[in-house]
Amino acid sequence: MAYARGLHMRGALVMCGLLLVGCTAGGNGGDTKTGATADASTGEALPTATASPTASPTFETDPAKQPRTADQARRLIRKVIAGPELFGQGVVRTTPYESDPTRWALLGDGCAWQLENLPAGVLATLTRHFEVPAGGGKGPVRLAATITVHRTTLDAAWEQAGMVEESFGCQKELLRPGEQLTELSSTVYARGEGHNDYSDESLEETGLCVSDSRGGPYPYKYDQAALGPVVVSTSVCGGRGRAVDDLWALVQRALPRMLLNVKYEIGSAAALGAASPEPKTSAGAGTSTPKTTSDPEGGA
């Protein structure tokens, strides 16, 4: 699985952005949700009124191009998901390379990640795993890229909101036995905020990763963005002697390039007219590149 898909918010749940009206309990679709937010000063749960989210139109995507079936969604993922080259020089595949496409990771009881069957609102998902091998006295770096295709833009927005609420209150997250994330902090950017001019909503999480086998703690970063019904994410867990700036550059390069691939596949005419330059990330402007397809023949 990717290193994490949960996000920690300190204060009230504010996960609405441009796609939702009202903040609600996480879910995978539906018209009405109820839940609890937290008091910003005490952290105590407070009841919230029932909210009815609505999806705002996005000029970025063309509904006629969006996948309608699981097979269509899987084909889209194969076209747009990152291969090693999107992260940069020296990045290689790991074994196993790809996740089970019929399962996805959710944050469960005890702040532990677990695999479950895809919910009704998800057409397809896939995670790929990579690493920068150890060398030059430095330890290996672990990387992951995930793309999830939802049935609707609203379903994608519910995933964003649900991740925030499900992880609220977890000071640590157990990835798997012997591997943890700690000292996590997160930020949410609606379109137009924090250099987010490339997605409907973006999320950024930083912290530390530690494992019994690899040691640590090492710097950890997780980035996620939604474009229409597609949610794209990358994560990195550092290694011995690795500079933070070098680690961050790996994921900040791959995420906007995958989003650009998504835009070429399901983007509206207006969006495609401005799709040549790479989107900006929190690290600054990217370079101009043509569309990159990780798997030209649709295979891993």
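A residue counts as buried when its relative accessible area is under 20%, as exposed when that area is over 50%, and as partly exposed in between. By this standard Cys111, with a relative accessible area of 19%, is buried. The structure described here is a predicted model. Its account begins with an open sheet of eight strands, paired in the antiparallel sense, and continues with helix H1, which packs on that sheet, and with helix H4, against which H1 packs.

**The sheet**

- The order of the strands in the open sheet is E3-E6-E7-E12-E11-E10-E9-E8.
- Strands E3 and E8 (172–176) stand at the edges, and each has a single partner strand, so one side of each is left without a neighbour in the sheet.
- On average, neighbouring strands of this sheet are turned by 25 degrees against each other, direction ignored.
- In general, the strands of a sheet pair through backbone hydrogen bonds, in either a parallel or an antiparallel manner.

**Strand E6 and its partners**

- Strand E6 covers residues 122–132, and ten of its eleven residues are buried, so this strand is largely enclosed by the rest of the structure.
- On one pairing, E6 is joined to strand E3 (residues 92–98) by three bridges, and the two strands run antiparallel.
- Within that pairing, Arg93 has Phe130 of E6 as its bridge partner.
- On another pairing, E6 is matched with strand E7 (residues 141–150) through ten bridges, again in the antiparallel sense.
- Here Val122 is found opposite His150 of E7.

**Strands E9 and E10**

- Ten bridges connect strand E9 to strand E10 (residues 201–211), with antiparallel pairing.
- Opposite Leu181 stands Cys209, a residue of E10.
- Strand E9 (residues 179–190) also contains Glu183, whose backbone is described further below.

**Helix H1 on the sheet**

- Helix H1 (residues 70–80) has four buried residues, namely Ala73, Leu76, Ile77 and Val80.
- These residues cover an arc of only 100 degrees around the axis, which puts them on the same side of H1.
- As a general rule, an α-helix has 3.6 residues a turn, so residues three or four places apart point the same way.
- Among the elements that cover the buried residues of H1 are E6, E7, strand E12 (230–237) and helix H4 (244–266).
- H1 touches E3, E6, E7 and E12 of the sheet, and its direction makes about 25 degrees with that of E6.

**Helices H1 and H4**

- Two packed helices are described by the angle between their axes and the distance between the axes.
- For H1 and H4 the angle is about 130 degrees, and their axes are 9 Å apart.
- The two helices are therefore oblique to each other.
- The crossing of H1 past H4 is right-handed.
- H1 contributes Leu76, Lys79 and Val80 to the contact, while H4 contributes Met258, Asn261, Val262, Glu265 and Ile266.
- Leu76 and Val80 thus appear both among the buried residues of H1 and in the contact with H4.

**A link between distant parts of the chain**

- Asp62 is located in the loop between strand E2 (45–47) and H1.
- With a relative accessible area of 24%, Asp62 is partly exposed.
- Although Asp62 and Ile266 are 204 residues apart along the chain, their C-alpha atoms are separated by 5.8 Å.
- When its neighbours within four places in sequence are left aside, Asp62 is in contact with Ile266, Gly267 and Ser268.
- Ile266 also takes part in the contact that H4 makes with H1.

**Backbone features**

- The peptide bond between Thr95 and Pro96 is cis, with omega at about -5 degrees, and Pro96 belongs to the edge strand E3.
- A cis peptide bond is also found between Gly216 and Pro217, where omega is about 10 degrees.
- Pro217 is part of strand E11 (residues 215–227).
- Cys111 has a phi value near 55 degrees, which is positive in a residue other than glycine.
- This buried residue is placed in the loop between strand E4 (103–107) and strand E5 (113–117).
- Glu183, likewise a residue other than glycine, has a positive phi near 50 degrees.
- Glu183 is exposed, having a relative accessible area of 60%, and its place is in strand E9.

Terms used:
Residues are numbered from 1 along each chain as its sequence is written. This is a predicted model: local features need pLDDT of at least 70, side-chain atom pairs count only at pLDDT 80 or more; totals for chains, interfaces and linings use all residues. Side-chain values use heavy atoms; hydrogens and water are left out. Buried means under 20% relative accessible area, exposed over 50%, partly exposed in between (1.4 Å probe, protein chains only). Two strands pair if DSSP finds at least two bridges between them. The arc is that of the directions from the helix axis to the C-beta atoms. Contact means heavy atoms within 4.5 Å. Axes are lines fitted to C-alpha atoms, for helices over the stretch in contact, and angles run from 0 to 180 degrees between N-to-C directions. Angles under 35 degrees count as roughly parallel, over 145 as roughly antiparallel, 65 to 115 as roughly perpendicular and the rest as oblique. A crossing is left-handed if the near helix is turned anticlockwise from the far one by less than a right angle, and right-handed if clockwise.
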